[in-house]
Number of protein chains: 2
Amino acid sequence: MAVYTEVPAEALEQFLARYESGALLSAKGIAEGVSNSNFLIETETARYILTLYEKRIDLGELPWFIALMEHLADAGLPVPHPIRDREGAAIQQLVGKTACLIQYLPGVSVSVPTAAQARAAGAALARLHLAGASYTAERPNALGLSHWQASAAELGAGLDSIEPGLAAFVAERLETLAAHWPRNLPRGTVHADLFPDNVLMLGETVTGLIDFYFACTDLYAYDLAVLHAAWAFPKDGCAPLMDHARAIFEGYESVRPLSAAERAAFPLLGQGASLRFLLTRAQDWLAPPSDALVQRKDPLPFARRLAHYARLDG
Amino acid sequence: MAVYTEVPAEALEQFLARYESGALLSAKGIAEGVSNSNFLIETETARYILTLYEKRIDLGELPWFIALMEHLADAGLPVPHPIRDREGAAIQQLVGKTACLIQYLPGVSVSVPTAAQARAAGAALARLHLAGASYTAERPNALGLSHWQASAAELGAGLDSIEPGLAAFVAERLETLAAHWPRNLPRGTVHADLFPDNVLMLGETVTGLIDFYFACTDLYAYDLAVLHAAWAFPKDGCAPLMDHARAIFEGYESVRPLSAAERAAFPLLGQGASLRFLLTRAQDWLAPPSDALVQRKDPLPFARRLAHYARLDG
């Protein structure tokens, strides 16, 4: 949540001259994105988001993300179109950083989703899965099971400084997950981080799916478990909201019904999703990134959600 | 340059219901303002800037600033109109903070102004002085001579840690300023901080004068000296750009000619303006605000500009 790089208006005007965007009218650095700097740009013809990629992203992977956004937007999903310049390039250089201009989408991120909003998010995720099935380029999930194992080993007793007993609980859950993680469920392109922050809404309509920089090739039902872990609980709470939980499944299955195997695996997938956010938040908690502009998020709600899904699995 | 306070979309929707603004379409925290949190808000009818006032501002003074902005905007200056709700209130409460919705203005802040842009800024400042003359409520300049004296005393030898000899140089200049500071020049409402950051432009046209939270009642020619110290030098440089310096005076005097006494006092006023920014930057440099989101600015360019104006005074 920061602007790491300043872009002089003069440099921005030169940059926009590559596009059919018309002249610059306004540019505001916006407090969005933890791994990049973002600007809301207005020109004579339209509004755009300009992203400058900072060190947290592997630039070699950028073409995969940009092509995915374009694929989904072309399929009619509310995903921002990457904008191509007159020569067809979407990935650019600006003030020494890799940059991309994308479509601006209306909508706000809700802080306390209603069940109806959770249903809409579930349906949007299923549409993303269907549209993403024809995006066949693969990207492994860098934050999957083997990352959880490495991260837990690295954090070690540090987890107990967050809460006594947390290290042993994580180790025990990891053993179960490693033994039983499903291998044969339907898989394809997933968002892998569809928190309310990354969904723009107007009322109960999804107007934007954003921040694709954790997207990868993984189990569809795991992506739904991430959404469930993020949307089906009160803010920082651990007891699920039953209306929301039901609405998420109803919304998702109104577009893409789950198989019996996907349903059966859900308690395990929910544990995996909770562990993924527990561990990355614990990393940031114990060793905040040196740029210090990223706000630390409490890992403990995801320890509680992990315990919740583990009980379902009992 | 930060968003200190999060505003949930739900709270913002409730807040906007007080206004004739139409429904919320988008809200982005923007990286502007060091003493407050700012959001670019889009509704069905218009765009706005929402400001939440943080601890750095004395809320008792807020009505003075808001009424000034309204006075200047009503006079036709490109100053954002504060927006009043259906009951006529401009100053509100939102998520526990004092808040104000103001008009959104197009334009960008230039980083490296041209002489023509400096001329336009000079002319805009003179128009501000003329329109502000009928705003008769007074506000003393909290960052005037007596503040410089107190600040220099407090910083003491700390100034020498920025540059050896700086403390003695400041003390010597302060003695001259205290002995000769002009008392009888034309005075009225001044902006007191019209750096390029606080001017929105499209090409060579000023489309916005913003950030009035240092505005006060002081010498008009001192305000011009602030603008000169901010616009007539290369970025972080100390040798003035002669074309820019000339253009600033031409622009200003095309609207409000200076008296002989104002011209004669200019080297002294330039020293005062340089000292004001040297000292506040030195304070932030030596004791950064604990919120740490404010970017420190190098005080030394203003030590060099102080020396430049002192030579003119020789």
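This is a conversation about reading a predicted model with a chain A and a chain B.

Student: Where do I start with the place where the two chains meet? How much area is buried between chain A and chain B?

Tutor: The size of an interface is often given as the accessible area lost when the parts come together. Here about 2400 Å² is buried between chain A and chain B, and carbon and sulfur atoms give 53% of that. On the chain A side, A:Glu10, A:Lys28 and A:Val108 lose the most area to chain B, together making up 22% of what that side buries.

Student: And how many residues does the contact take from each chain?

Tutor: Chain A puts in 31 residues, and chain B puts in 32 residues.

Student: How many salt bridges cross the interface of chain A and chain B?

Tutor: The rule finds two. B:Arg47 forms a salt bridge with A:Glu42, and their closest N and O atoms are 2.6 Å apart. Try finding that pair in the structure. The interface also has 14 residue pairs in polar contact, counting pairs with both residues at pLDDT 80 or more.

Student: Which parts of chain A supply at least two residues each to the side that touches chain B?

Tutor: Helix H1 (9-16), strand E1 (24-30) and strand E2 (36-43) of chain A each do that. E1(A) gives the most, with seven residues. Sorted by type, the residues on this side of chain A come out as 18 nonpolar, six polar and seven charged.

Student: Now backbone angles. What is unusual about the phi of A:Val95?

Tutor: Most residues other than glycine have a negative phi. A:Val95 is not a glycine, yet its phi is positive, about 40°. Look for A:Val95 in the loop between strand E4 (91-94) and strand E5 (97-103) of chain A. Chain B has a case too: B:Val95 has a positive phi near 40°, and it lies in the loop between strand E4 (91-94) and strand E5 (97-103) of chain B.

Student: Why does A:Val95 count as partly exposed?

Tutor: Partly exposed covers the range between the 20% and 50% cut-offs. A:Val95 has 35% relative accessibility, so it counts as partly exposed. B:Val95, with a relative accessible area of 38%, is partly exposed as well.

Student: Let's try helices. Why does the length of H3 in chain B agree with what I'd expect?

Tutor: Work it out from the rise per residue. Helix H3 (residues 115-132) of chain B has 18 residues, which at 1.5 Å a residue should span 26 Å; its end C-alpha atoms are 25 Å apart, so the two agree. H3(B) is also mostly covered, with 13 of its 18 residues buried.

Student: How far does helix H11 of chain B reach?

Tutor: H11 (residues 300-312) of chain B has 13 residues and reaches 19 Å from first C-alpha to last, close to the 18 Å expected. Because 10 of those 13 residues are buried, H11(B) is largely enclosed by the rest of the structure. Among the buried ones are B:Phe302, B:Arg305 and B:Tyr309. The cover includes helix H5 (158-162), helix H6 (166-180), helix H7 (220-231) and helix H10 (266-286) of chain B.

Student: One last residue: what does B:Gln103 touch?

Tutor: Leaving out residues up to four places away in sequence, B:Gln103 touches B:Ile49, B:Val79, B:Pro80, B:His81 and B:Ile83. B:Gln103 sits in strand E5 of chain B, and it is partly exposed, with a relative accessible area of 27%.

Terms used
Residues are numbered from 1 along each chain as its sequence is written. Chains are lettered from A and ligands numbered from 1 in the order in which they are written. This is a predicted model: local features need pLDDT of at least 70, side-chain atom pairs count only at pLDDT 80 or more; totals for chains, interfaces and linings use all residues. Side-chain values use heavy atoms; hydrogens and water are left out. Contact means heavy atoms within 4.5 Å. Buried area is the accessible area (1.4 Å probe) that two parts lose on being put together, summed over both. A salt bridge is a side-chain nitrogen of Lys or Arg within 4 Å of a carboxyl oxygen of Asp or Glu. A polar contact is a pair of N or O atoms within 3.5 Å; within protein, one must be able to donate a hydrogen and the other to accept it, and residues adjacent in sequence count only if both atoms are side-chain atoms. Helices (H or I, at least four residues) and strands (E, at least two) are DSSP runs, numbered from the N terminus. Ala, Val, Leu, Ile, Met, Phe, Trp, Tyr, Cys and Pro count as nonpolar, Asp, Glu, Lys and Arg as charged, and the others, Gly among them, as polar. The expected span of a helix is 1.5 Å times one less than its number of residues. Buried means under 20% relative accessible area, exposed over 50%, partly exposed in between (1.4 Å probe, protein chains only).
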